[in-house]
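The following report describes ligand surroundings, pockets and backbone details for the structure shown below. It is best read with the sequence and the model side by side.

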Amino acid sequence: MNRWFKQLGLVLIVALTTAFSAVSFAQSAPAAETEGQIWSQLKAGATGETTSHGQFHNQPINTYDLRLLDVRSDWLAPGLMLALFGMIIIFVVFIKINGISKLHGGFSGKMVYRWSKFDVSIHWLGAIPCLLLILTGLVLLSGRYFFQPYIGEGMWASMVYGAKQVHDVMAIPFMIGWALMTVLWAKNQLPKLYDLKWMMVVGGYINFGPFKGKHPDAGFANAGEKLWFWAFAAFGLVISASGMLLLFPNLFEPSRTLSLIALILHSVSAIIITAFSIVHIFMATVMSEGGMECMVSGYCDETWATQHHNLWFDEIKENGTLKYKDQA
Amino acid sequence: MATMKFLCDTKRCIECNGCVTACKNENDSALEWGIQRRRVVTINDGVKGEASISVACMHCTDAPCEAVCPANCFYKTEDGLTLHNKDTCIGCGYCLYACPFGAPQFPKRGAFGSRGKMDKCTFCAGGPEEDHSDAERQKYGANRLAEGKLPMCAELCATKSLLAGDAEIVSSIFRERVAYRGSNSAIWG
Ligand code: HEM
Ligand code: SF4
Ligand code: SF4
Ligand code: SF4
């Protein structure tokens, strides 16, 4: 505890209490009874009476593990930078070496129904705010270390202010999108035995070595998508819950220490969601030819369906739910 | 340069709230409704072991508020004070979570209780604006240090329980008191 106060520079008080404690112990036993009692009560977080109505003002001292602050500045702040920019670099290099996953035999032109209009809209209801939350969250967590030194004071002030405002507003549609996607899509995302085999060959996306040309089985969602779905569901919950504590302190009245813990959990979840998001975006837009169409029209090319989701395609063909887009 | 510190001698504090009033009066121009930079807390009120302590920002050396602020609005003065820039503050509240002394306070703004710009004790040393400018008075209140004066709260403490000033001097005054009282149990009760 003494180290704790030293770190704050309150050496003064602590030095005095410790310097004199030896004296009093030597003096008399009764004195030791009340020795430093008030001070230890204060250090232990005692609360009392005050005329102030300020928040937490009835408690003189609140202690917590100060290493929380180091975790945030030394690990989480660079961590989020890496999760975003590091992943982008890794992916660009990977695609340069490996190439993308082309559709064998090209587009068939026949478009298979895959997502409803409603599915497509809740995807973007979650996705667009998510992107903005990542960028604004990055400014809040890492900005003072990685951006502020390179820009002017006025520009930094508007940047961080704008980030907070946008973050606060975007949190709401994100949570609605997250909740709808998690609840409505879960049934298609349950793990199956063939997902293991998919993982073993990295989904058939590796274009060299023993993996080349493999097309593992996949249902409506492949194992990679399932992993993303459940990570998004779980860490989306953590980030929403911790975010609510920070956004509506008057509603939940969290303690200060709980708010700091929420801040840490929020950033850890942000790092995980960001890293997954980069992979997800690369897969959909660049890596998997024809993949993006699903979240534009809700339909996918028949070749794409047979190549990437063969079990699903076989199933809908068999049970008669296969629906083609009307060719206008 | 000096390192400025506060010290509250709980053996002397009589819970008169003179420091609170002195601060409110001195820094009135900057204090929005409901903001109180200094407060007196009484523990064990009315029972054995009752003690009162006057608390405001302690101007920590390795300040948690400074470490956690996403906008990086805190700065150290050459007097060892931890001050902040309200123009950069985004009202996120992190500093209030991190501060061990509950010093940062916020004017209420907006529908969901969103916060305005943080306010806390400046050690009566104003802010980053030009000394004694209107802007400084509006945002941070008094700048007594620039006039060679010490904080109003401590100056007006009737029992000289609350001491403010150079850490060396403050601690030597306190050490003298303790020596005079003759026992360590006379420090904190
Ligand atoms: C993809 C989703 C999200 C990401 C990537 C994200 C990321 C972040 C990051 C990195 C921070 C800074 C943390 C720090 O400084 O230690 C932050 C702060 C914050 N986040 Fe989020 N967040 C997301 C969703 C949410 C949601 C759903 C809410 C609300 C329910 C929310 C509310 C907040 C609040 C209130 C802050 C504190 C700063 C402020 O007042 O604006 N966030 N977020
Ligand atoms: S606001 Fe709190 S943490 Fe910051 S210097 Fe003052 S007492 Fe220390
Ligand atoms: S409320 Fe203002 S001073 Fe406090 S941490 Fe947030 S931006 Fe910094
Ligand atoms: S030093 Fe000045 S601002 Fe701080 S509590 Fe005392 S009177 Fe108020």
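In which loop of chain B does B:Glu147 lie? In this predicted model, the residue is found in the loop that runs between H4 and helix H5 (152–155) of chain B. With a relative accessible area of 44%, B:Glu147 is partly exposed, since that value falls between the limits of 20% for buried and 50% for exposed residues. B:Glu147 is also separated from B:Ala135 by 12 residues in sequence and by 17 Å in space, taken from C-alpha to C-alpha.

Two other residues of chain B deserve attention for their backbone angles. Most residues other than glycine have a negative phi. B:Asn44, although not a glycine, has a positive phi of about 55°, and its place is the loop between strand S2 (39–43) and strand S3 (51–55) of chain B. B:His132 is likewise not a glycine and has a positive phi of about 65°; this residue lies in the loop between helix H3 (94–98) and helix H4 (134–140) of chain B. B:Asn44 counts as partly exposed because its relative accessibility is 24%, and B:His132 counts as partly exposed because its relative accessibility is 33%.

The next topic is the metal site of ligand 1. The iron atom of this ligand has A:His167 and A:His266 as its protein donors, each through NE2, and they lie 2.0 Å from the iron. Six donor atoms surround the iron atom, and because the angles they subtend run from 84 to 179°, the arrangement is octahedral. A:His167 belongs to helix H7 (residues 153–185) of chain A and A:His266 to helix H11 (residues 256–287) of chain A, so the pair ties together parts that are 99 residues apart in sequence. Both histidines, A:His167 and A:His266, are buried.

Chain A also supplies named residues around the two largest pockets. The largest pocket has a volume of about 1300 Å³, and among the 49 residues of its lining, A:Glu225, A:Trp228, A:His280, A:Ile281 and A:Met283 are the closest to its centre. Helix H5 (67–98), helix H6 (117–146), H7, helix H8 (194–200), helix H9 (223–247), H11 and helix H12 (302–308) of chain A each contribute at least two residues to this lining, with H11(A) giving the largest share, 10 residues.

The second largest pocket holds about 1000 Å³ of space. Its lining consists of 46 residues, and those nearest its centre are A:Leu140, A:Lys164, A:His167, A:Asp168 and A:Leu247; A:His167 is thus named here as well as being a donor to the iron atom of ligand 1. H5, H6, H7, H9 and H11 of chain A each supply at least two residues of the lining of the second largest pocket, and the largest share, 10 residues, comes from H7(A).

The remaining ligands have residues of chain B in their shells. Of the 13 residues around ligand 2, the nearest are B:Cys57, B:Met58, B:Cys60, B:Cys65 and B:Cys99. Ligand 3 is surrounded by 14 residues, of which B:Cys69, B:Cys73, B:Cys89, B:Cys92 and B:Cys95 are the closest. The residues surrounding ligand 4 include B:Cys23, B:Cys121, B:Cys124 and B:Cys153, along with B:Arg37 and B:Arg38.

Enclosed spaces form a separate group: the structure holds seven cavities of 30 Å³ or more. The second largest cavity has a volume of about 100 Å³, and its lining of 16 residues has B:Cys13, B:Ile14, B:Cys16, B:Cys19 and B:Cys157 nearest its centre.

The table sets out the residue classes for these shells and linings.

| Site | Nonpolar | Polar | Charged |
|---|---|---|---|
| Shell around ligand 2 | 10 residues | two residues | one residue |
| Shell around ligand 3 | 12 residues | two residues | no residues |
| Shell around ligand 4 | seven residues | two residues | two residues |
| Lining of the largest pocket | 34 residues | 13 residues | two residues |
| Lining of the second largest pocket | 27 residues | 13 residues | six residues |
| Lining of the second largest cavity | nine residues | five residues | two residues |

Methods
Residues numbered from 1 in each chain as written. Chains lettered and ligands numbered in written order. Predicted model: local features only at pLDDT ≥ 70, side-chain atom pairs only at ≥ 80, totals over all residues. Heavy atoms only, no water. Donors = N, O, S within 2.8 Å, 3.2 Å for Na, K, Ca; no water. Tetrahedral: all angles 85-135°; square planar, octahedral: opposite > 155°, others 65-115°. Helix = DSSP H or I, 4+ residues; strand = E, 2+ residues; numbered from the N terminus. Buried < 20%, exposed > 50% of the residue type's maximum accessible area, 1.4 Å probe, protein only. Near = heavy atom within 4 Å. Nonpolar A, V, L, I, M, F, W, Y, C, P; charged D, E, K, R; others polar. 1 Å grid on protein atoms, 1.4 Å probe; cavity = no way out; pocket = protein on both sides within 12 Å on 5 of 7 lines; lining within 4 Å. Points joined across faces, edges and corners; volume = space filled by probe spheres on them.
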